[in-house]
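Work through the exercises below with the sequence and the model open beside you. Each task is followed by a solution in steps.

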Amino acid sequence: MYKLLLIIGCWALAQPGWGQSCTFSNTIGRTQPVRDANCIELGDNFSSTSEIDITITTNRGLAGWWRKASWGFEGQDTTQLERVFIGIHTSVLPNGIVLSWQGHNDNQFSTPGASHPGTDIYRWEPNLNHLSSTIFHVRWTNAFCTGHSFLADGKLLMTGGHDETIAEVKDDRNTPQNEYVPEYIKGLNHANTYDYRINPTAIRPGTVEDPVSWNREHEMTRNRWYPTNTTLYNGDVLTTAGETEPTQILKNEERFPELWHNGNWTELRGVLRSIPYTADFRPFPTYPWTFAAPNGKVFYAGPDPYIGYIDPAGSSPPLPGSGSTTPRAGAWTAADAQTRNYGLRGQGTAAMFWPGRILLAGGSDGQTVTNTAEVIDLTSGANGTITNSSFLQPVITPAAPMRNARHHVNSTILPDGSVLITGGSRVTGSSDRAQAVLDAEIWTPTPGPNGPTGPGTWTTVAPMKEARMYHSTAVLLPDGRVLSAGGEEVINYVPRFVPNQDNHCTAEIYSPPYLFDAAGNLRARPTITGAPAHVGYGQPFTVVARAGSGTVARVTLVRLSSVTHSFNMNQRFLELNKSGLTTAQGATSVALTAPADGTVCPPGHYWLFVLNSQGVPSEGQVVQIGPSACAGTPDLATAYAVDDDCNATATASVSGPNLGTDYKWTVDGVYDSSFDGQYSVSVALNRCRPQATLGVRVTPSCGGDPVENFVSVSRTFLPSKCPACGNL
């Protein structure tokens with residue numbers, strides 16, 4: 001119980017944990033709600049001069065828990081270094097390291113004679129909870145407001161950028177805040193890739209020069225600022241929109257998408273976005289919400305309501321009057337303009353929570369910020385199955401509304417298929433902390449006979465520690481938590497730049513409710529003891545896991561995060577069908593089949609999660625999914641030799657076509673080099689070690705990607721016949 005005197009203003013209350021609900025009573029017996037009963041802050045413009053009694057009950061099992069992340073360098077004063085940069089662009093690499101940058105204040109590095117500066121790139125280590133002391137310089141590109149998604153091999157492709165040679169008009173409305181209104185922004189035609197597998201080489205203390213992990217690729221045809229990258233079913237990447245040159249912006253001309261294929265770019269001049277029932281064409285907005293669709297095309301979902309399909313492999317006839325007879329690359333097919341339930345969703349968010357199903361939430365139409373949400377279904381409609389028909393008319397239905405209206409908001413898909421909504425502002429054109437939405441919300445889709453869908457339900461969970469609005473990001477970490485970083489405070493998109501106040505050069509981590517029991521204690525989590533690192537489309541494979549509590553219930557995939565400006569360009573969710581479960585000595589072998597092709601699972605890296613019957617996810621293990629290797633998953637046969645009542649030997653033998661002899665084995669997840677090259681291995685089992693997980697990885701003789709498999713071996717030993725473990 002706390003007692004305090006409230007005076008006009010907004011006061012922070014030190015909390016012992018994140019709460020489920022609160023009751024507030026003042027001295028004259030009335031119930032006084034404070035900040036929607038969320039126990040963390042007293043007031044959004046809340047005013048009172050009454051003494052009130054506050055009863056606080058906290059329960060992480062219902063609301064989850066936010067804690068501050070260390071956004072500084074190891075062993076250094078974080079009070080200084082946490083003002084280094086704003087996490088405007090954030091991606092999670094296949095090795096679990098977080099890559100983040102801002103770019104718009106990075107003017108100290110530039111190519112001689114070039115107008116655009118380079119960018120400092122920071123790496124955050126989740127397991128160590130600090131920034132790496134190594135800063136990666138992209139010397140030739142200012143990476144502010146770039147697009148980025150992952151290639152099939154795990155490289156991060158970054159497109160466009162910020163050309164600093166922009167005309168600036170001073171704004172005297174709020175002097176002396178040194179604000180500006182840009183007359184125009186000219187983008188860059190740069191393309192860069194980051195290879196997480198390359199160990200950087202330090203050039204001078206605290207820095208790494210290019211081109212070590214970063215590599216400059218072929219340039220695009222168009223300059224782009226605020227583009228979106230979409231990795232396609234075949235591993236190509238479509239880059240759409242982005243402001244180009246000022247003359248084109250003023251003329252409102254179409255900014256044609258470009259297709260990345262094997263390192264080269266093709267401009268898709270056939271993709272003119274027509275508006276249904278009119279003769280109008282409209283450019284794609286900046287950072288468009290584009291998704292690889294189950295029909296092999298790219299679906300444009302917003303933020304404006306003129307939705308439809310881009311066909312990168314299609315073609316369009318020459319424009320009338322052009323005099324050309326050559327078809328134009330690419331095609332656009334508009335969807336019915338009347339199907340969207342809400343119009344413009346500027347600075348809202350969108351996420352593909354199931355193959356072919358997209359949640360849209362929040363945003364602003366320029367006048368009002370909305371709490372509405374809707375679901376776009378790109379599956380075939382009647383029976384919900386996915387087809388590869390040339391065009392699937394989207395079915396759009398209202399979803400349940402959020403509790404809070406918000407824009408500049410982020411959506412993060414969680415391991416159980418729900419969607420976490422974080423941050424945002426209540427007022428259009430503003431990212432002022434007085435209008436910040438601190439409460440996070442989780443959308444849980446409605447179960448259906450053909451997979452989850454709308455309307456779903458919203459649950460308000462623990463509020464964030466800081467306002468995170470414009471230029472904030474949120475990404476799923478490998479352990480099932482969520483990292484939220486960055487944020488700037490602006491009014492009408494004019495930065496205020498009040499030192500140490502309006503730039504949120506910090507981060508925080510959310511632990512969702514599925515990690516806690518009803519009493520708020522950490523739950524026992526499933527553990528994955530065996531899973532392949534590579535799986536080909538349609539291939540059967542096995543995952544070995546311990547449930548922690550209950551039983552193994554689900555196996556899910558979440559594609560790695562790569563997010564900026566309220567849109568995660570890379571994330572998507574799938575659930576794998578189980579074809580068999582075998583449990584022995586507490587370990588469960590789950591027989592699974594990889595997704596059939598890239599239309600539902602674009603090639604690349606995914607976090608694989610095992611969830612138990614209580615809904616608790618394991619920590620994710622990265623798996624690369626793509627075209628089938630030339631060798632299938634190796635078969636593992638097991639045999640046992642019983643030495644006596646208390647000892648046995650288990651043997652696993654590998655077989656399969658094109659495997660060759662390059663065998664590498666793990667025992668309970670630990671690599672054992674003494675088994676290299678052996679087609680069979682044996683382990684001793686006894687009362688103290690009644691089971692083990694054996695895994696083999698083979699580099700095929702046919703030259704394809706490595707293939708793997710795992711098997712659990714176990715025996716039962718009677719305690720009455722065997723000595724205690726310490727006496728063996």
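## The chain as a whole

The chain of this predicted model has three helices and 60 strands as its secondary structure.

**Exercise 1.** Describe how much of the chain is buried and how its contacts are spread along the sequence.

*Solution.*
- Step 1: The chain has 728 residues, and buried residues make up 57% of them.
- Step 2: Take the contacts in the chain with a separation of 6 or more; 64% of these are between residues 24 or more positions apart.
- Step 3: Turn to the surface. About 28,000 Å² is exposed by the chain, and carbon and sulfur atoms supply 50% of that area.

## The disulfide

**Exercise 2.** Find which cysteines are joined by a disulfide, and state the handedness of the link.

*Solution.*
- Step 1: A disulfide is a covalent bond between the sulfur atoms of two cysteines.
- Step 2: The structure holds one disulfide. Its partners are C646 and C722, with an S to S distance of 2.3 Å, and the cut-off for a disulfide is 2.5 Å.
- Step 3: Locate the partners. C646 sits in the loop between strand 54 (635–644) and strand 55 (647–655), while C722 belongs to the segment after strand 60 (707–714). The two are 76 residues apart, so the pair links distant parts of the chain.
- Step 4: The angle about the S-S bond is -105°, and the link of C646 and C722 is left-handed.

**Exercise 3.** Decide whether C646, C722, C145 and C601 are buried or exposed.

*Solution.*
- Step 1: A residue is buried if its relative accessible area is under 20%.
- Step 2: C646 has 8% relative accessibility, so C646 is buried. C722 has a relative accessible area of 7%, so C722 is buried too.
- Step 3: For C145 the relative accessible area is 0%, and C145 is therefore buried. C601, at 0% relative accessibility, also counts as buried.

## The surroundings of N129

**Exercise 4.** Place N129 in the chain, classify its exposure and list the residues that N129 touches.

*Solution.*
- Step 1: N129 is in the loop between strand 9 (119–125) and strand 10 (130–131).
- Step 2: The relative accessible area of N129 is 19%, so N129 is buried; the limit is under 20%.
- Step 3: Leaving out residues up to four places away in sequence, N129 touches R67, A69, S70, W124 and I509.
- Step 4: Compare sequence and space for N129 and W71. They are 58 residues apart along the chain, and their C-alpha atoms are separated by 7.7 Å.

Technical notes: Residues numbered from 1 in each chain as written. Predicted model: local features only at pLDDT ≥ 70, side-chain atom pairs only at ≥ 80, totals over all residues. Heavy atoms only, no water. Helix = DSSP H or I, 4+ residues; strand = E, 2+ residues; numbered from the N terminus. Buried < 20%, exposed > 50% of the residue type's maximum accessible area, 1.4 Å probe, protein only. Contact = heavy atoms within 4.5 Å. Areas by Shrake-Rupley, 256 points an atom, 1.4 Å probe, with all protein chains shown as cover.
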